[in-house]
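Visitor: I should like a close look at a single part of this model, namely one hairpin and the sheet to which it belongs. Please describe that part in detail and then place it in its surroundings.

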Amino acid sequence: MKKFKIKSGDTVKVIAGDHKGSEGKVLQILKDKDRVVVEGVNMVSKHTKPSAANPQGGIVKKEAPLHVSNVALIENGEAVRVGYKVEGDKKVRVSRKSDKAI
């Protein structure tokens, strides 16, 4: 099983690609495709057919996934790399920049 250092709910910054510099919260992680969905970033227009849930149909804006390597975790407004430390009997994520638990 793949292990990502980014979890859903984390605030991340896009560090590469068309949306470089954008920030948002991770909504979803797609482990099988190495991708994450970030709130308000990489918006695409999806054309939907009329259905019972949406009788009008039309064009819906939604977030498309980004590759996990193109995002970095934010700590104090800066992008940081993530490492792990064992504290007591727990394994915790730590910032490589400040060496503090996230």
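Guide: In this predicted model, β2 and β3 form a hairpin with 4 residues between them. Asp 34, in the turn, has a positive phi of about 55°. The two arms of the hairpin, β2 and strand β3 (residues 35-38), pair in the antiparallel sense over 4 bridges. Within this pairing, Val 26 stands opposite Val 38 in β3.

Each arm also has a further partner. Strand β2 (residues 23-30) pairs with strand β1 (residues 11-14), again in the antiparallel sense, over 3 bridges. There, Val 12 has Gly 24 of β2 as its bridge partner. On the β3 side, β3 and β6 are joined by an antiparallel pairing over 2 bridges, and Leu 66 in β6 is the bridge partner of Val 36.

These pairings belong to an open sheet of 6 strands, in the order β6-β3-β2-β1-β7-β8, with antiparallel pairing. The edges are held by β6 (66-67) and β8; each has a single partner strand, so one side of each is left without a neighbour in the sheet.

A database record overlaps this region. An unreviewed UniProt entry carries the annotation "domain: KOW" for residues 5-32. Over residues 5-32 the chain is 0% helix and 43% strand, and the C-alpha atoms at the two ends of that range are 15 Å apart.

Beyond the hairpin, the β7 and β8 end of the sheet order leads to the largest pocket, to which β7 (71-75) and β8 (78-80) each give two or more lining residues. The volume of this pocket is about 180 Å³. The largest share of its lining, 3 residues, comes from β7. The lining includes Phe 4, Ile 6, Val 71, Leu 73 and Val 80. By class, the lining residues divide into 9 nonpolar, no polar and 2 charged.

Finally, Lys 97 offers a point of reference for the hairpin. Lys 97 lies in the segment after β10 (90-95) and is exposed, with a relative accessible area of 55%. Lys 97 is separated from Val 38 by 59 residues in sequence and by 23 Å in space, C-alpha to C-alpha. Apart from its neighbours within four places in sequence, Lys 97 is in contact with Glu 78, Ala 79 and Val 80. Two of these contact residues, Ala 79 and Val 80, are also listed in the lining of the largest pocket.

How values were computed:
Residues numbered from 1 in each chain as written. Predicted model: local features only at pLDDT ≥ 70, side-chain atom pairs only at ≥ 80, totals over all residues. Heavy atoms only, no water. 1 Å grid on protein atoms, 1.4 Å probe; cavity = no way out; pocket = protein on both sides within 12 Å on 5 of 7 lines; lining within 4 Å. Points joined across faces, edges and corners; volume = space filled by probe spheres on them. Nonpolar A, V, L, I, M, F, W, Y, C, P; charged D, E, K, R; others polar. Pairing = 2+ DSSP bridges. UniProt positions renumbered as here; feature names shortened; annotations may be inferred. Buried < 20%, exposed > 50% of the residue type's maximum accessible area, 1.4 Å probe, protein only. Contact = heavy atoms within 4.5 Å.
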